[in-house]
Amino acid sequence: MLCIAAGSCRGSLLPSLLSAMSNADDDRSNISQDLPKILSGELPEYIVTHSGHSQYSNAGGGVSACGVAALNCARIVLGLHAAGIDSTQLVQQLTSRRFLEDILKPCLSWSISFHLAVDDIHKAPAFDHTLKLVSSNFGQASYGFLKRLLDRTAEVAQKRQTSACVIITRPPEIIACFSIVDAPSPLFVIFDSHPRPNKHPDGAAFIFHHSSTSVARYLAELLKYDESLLREQGLQWQAQLLTQCSGDIFVASDAVLNDKGWAEVALDASLQVVSLRAQVRERESQTQELTNEKQRMQAEITSLERDLLRIDNLLQRERAKVEHYKQQMATLRDASKLASQWETRGTTPQTGYSFWRPRRSASTAGTNNAFAPLGTPIPPSPPLVPKPEPKPEPTEPISDVDLVALELQLAFNEENEQLEAQMRELQRIQPKFFDCKICFEQHQEDNVAIVHPCEHAYCRACLLSYAASKIEEHRYPILCPTCTADPQGNAPGEIDDEAIRQLGLTEEQYVVFEEMQMFKYSILVHCRKCLQSVSVDKKQYQAQNVIHCPLKGCGYVWCKQCSQPVDPSAGEHSCDGTKELDHLMNKQGWKRCPGCRTPTEKISGCNHMSCKVPGCNSHFCYVCGQLTVRSALPSDIRSAKQKHYMNCKLH
C-alpha cells in the first residue's frame, strides 16, 4: 500500500514512494498517524493507493470497467455511511487493501470492451436497489462546470444529511467523487480506478481533499481537452464529444435491504440474465438462418456464373455467324451488280462492242451444218462472246430488321466488354481500406501499421499516439491495445523496435524507448561510494548477492540485500554477521560452547573451559572443543575432567 501526503516537499516524493511500498506495517502506522490530519483538513491532499490493484490488473477488468468500478464504489461507500458508520471508520475502510479489492471484484468478470453509460449500468438490480439518482448534469469539462457540480453534490449531502456521490463521465473515463457530511471539516474523496503517471502510477487510488475548489482544479487538469476541437469546423461531432462531460449525483437508497431484499435483487438479476440468454439464443438462431440464406445465395450465384459462361460462349458463336453473314452479304451485293451490267443488251461492260448472233434458217433447222450458196460473200467472223460466270447460289435472305438487331447487339457487347475492362482496371488501381481498431475510422492500406504477431491493424497516427503515451509513462513492453483489452489475454502482440521506427517518433521519445529496451535486459545500480549510476546485466545482478561497483577506480563492494559494505577479505558475507563471525573465530582460534553455542576465547589458564551463560553449566576442552560435562556439581566436574584429559588426543 502506498500513501502520499501532498505538501511542500515535492522533490523527495520518489524516495518516500519506495519506502512506503517496502514496508506495509509502516504504511498502516502512517495512516493511523495521518488520520486526524485527514479529517481535520491539515493535509491539503492525501493519496492512498495499492500497487497492482486497478481496473487493468488481475484484480480488475479491462479498459471499459471504470464505470462498474465507480458505481460499485458508490454503492459500498454510501451504503456503509447510510448504515451508521462514522467518517473516521469510513476513512479507515477506504485506506485498506481489502476494501479496494471488494470494490474491484465485479470487474473480474467484466469482459465487455464497449463503454456503457452510467444510466445503463445503474439499471442493474444491484445498483438500482441501493443507489438513488438525484440529478444529472451536462456541460464542458471545464473548471467552472466541475466546481458547480461539486458544490451541487455538497449541497445535496448537507440537505439530506447523508453522504452523496457524483459520477463524472468524460468519455471514455468515469470517476467517482464523494462529499462526506459528518467529517470535522469539509471532506471530498475522489475514487479513480485508472493508474495516473503523476499521482498513482501503480494502481487505483482514493484522493482526499478538503475543498471543492481543489477537487475541481485537479479534475479539470485531469480531464482537460484541446480547445481547438471546438473551433475546428470540419471535425466530426464524435471528436467534439470529448470536450463534454456529465455528472450523475447519487445518494443511498431510502430502503435498507435485508436478506429478503437481497434475495429479490438476486432473483431480479437472474431473470434479467435468463432474458438476455434468451435474446442471445434468438440472435444465434437468426444468425444461423442468415448463414443458411447466405450459403443458398452463394450457390445461386455460382449457378448464375455458370449460366453466364454458357451465354458468353453462345454469344461468341453468334458473333462468328454474324461475321460469316456479313461476308456472304458483301458477296451477294457484288454478284447483283455484275448481273445488272450483263442484262444490258449487246454491250459488254468492258468494251461497249456489239456482238453478232447467228440465225438459223428453216431449211437448215435440225442439221448440224449450214452452208451458204456458191458465190455468196462470207461475212466476217463475229467476235467470241465471253461466257458469263455462273451466278452464285442464292442463300436464305436476311431481313433488314435482323441485321440491325445483330449490329446493335454487337455494339452493345463491345461497349460492355470495354466497360468491364475499365471496371477491372479501376478495381486493380483502387486502394484498399481497413478499419482502425482505435479510432474506428476507415483508412487506406498505405497508412496501415500492423502489430505482430497478432496482426491487428491501426492507422499510423493512432498507433503513434498510443506508443508515445506508453513511452511517456515508461511502460515496457508496449503491448497491442486490442490484445490488452482482450479478456482471454492469449499471446498479446508487441510494438517492437521495427514498428517504432516506422511510426515516426521524435528523437527524445526514441531515446527513452531505447532506454526501456535496455532496461529489459539490464538494471540500474547506484554506488554509494562514487555516487555514480551504471547499468549492469540483469541476470548477473539477480544471480549475485554481493555487488561490485564496475566503474574504474571505485571497487566498492556492498550487499544487495542489506546494502551494507562488504569486506572481501572477511570471507563470505551474511546480513546478520554470522558468517563474518565464524570467519573471525576460525582465524583467531576461538571456540563455541557446545552447550549454548556462545563464542568463547581463552585469555589465560588451562584448557578446561566453564561456560558462564546462566543455566548452561557446560564444561568443555578448549583444544578439541568436545563437551566434558553439563553439571554444576564439583564432583561430577572433577571426574569428567580427569576422564577426558586422559583420553584427549589433541591435549
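Which residue in S21 is the bridge partner of His619? In S21, that partner is Val629. The model discussed here is predicted, with local features requiring pLDDT of at least 70, side-chain atom pairs counted only at pLDDT 80 or more, and totals for chains, interfaces and linings using all residues. Residues are numbered from 1 along each chain as its sequence is written, and side-chain values rest on heavy atoms, with hydrogens and water left out.

The His619 bridge belongs to a pairing of strand S20 (residues 618-621) with strand S21 (residues 627-630), which is antiparallel and has three bridges. For orientation, helices (H or I, at least four residues) and strands (E, at least two) are DSSP runs numbered from the N terminus, and two strands count as paired if DSSP finds at least two bridges between them. Phe620 stands opposite Leu627 in S21. S20 and S21 make a hairpin with five residues between them, and Gly625 in the turn shows a positive phi of about 75 degrees.

Zooming out, S20 sits in an open sheet of three strands, ordered S19-S20-S21 with antiparallel pairing. Strand S19 (608-610) and S21 are at the edges with a single partner strand each, so one side of each has no neighbour in the sheet. On average, neighbouring strands of this sheet are turned by 20 degrees against each other, direction ignored. Strands of a sheet pair through backbone hydrogen bonds, in either a parallel or an antiparallel way. Helix H20 (residues 634-647) lies across S19, S20 and S21 and runs at about 165 degrees to S21. Axes here are lines fitted to C-alpha atoms, for helices over the stretch in contact, and angles run from 0 to 180 degrees between N-to-C directions.

Elsewhere, there are aromatic rings to look at. A search of the whole structure turns up six aromatic pairs. Rings of Phe, Tyr and Trp (its six-membered ring) pair if their centres lie within 6.5 Å, with planes under 30 degrees apart called stacked, over 60 edge-to-face and the rest tilted. One of the pairs is Phe99 with Phe206, tilted at 45 degrees between the planes and 6.3 Å centre to centre. This pair links distant parts of the chain, 107 residues apart: Phe99 is in helix H5 (residues 97-104) and Phe206 in strand S7 (residues 205-209). Phe99 is buried at a relative accessible area of 5%, and Phe206 is buried at 2%; buried means under 20% relative accessible area, exposed over 50% and partly exposed in between (1.4 Å probe, protein chains only).

Phe206 also meets Phe191, with ring centres 5.1 Å apart and planes at 40 degrees, so this pair is tilted too. Phe191 lies in strand S6 (residues 187-192) and Phe206 in S7, so the pair ties together parts 15 residues apart in sequence. Phe191 is buried as well. Ring pairs thus link Phe99, Phe191 and Phe206 into a cluster.

S7 has another partner in S2, to which four bridges join it in an antiparallel run. One of the bridge partnerships is Thr49 with Ala205 of S7. Strand S2 (residues 45-49) is mostly covered, with five of its five residues buried. Glu45, Ile47 and Thr49 are on one side, and Tyr46 and Val48 on the other.

Technical notes. Contact means heavy atoms within 4.5 Å.
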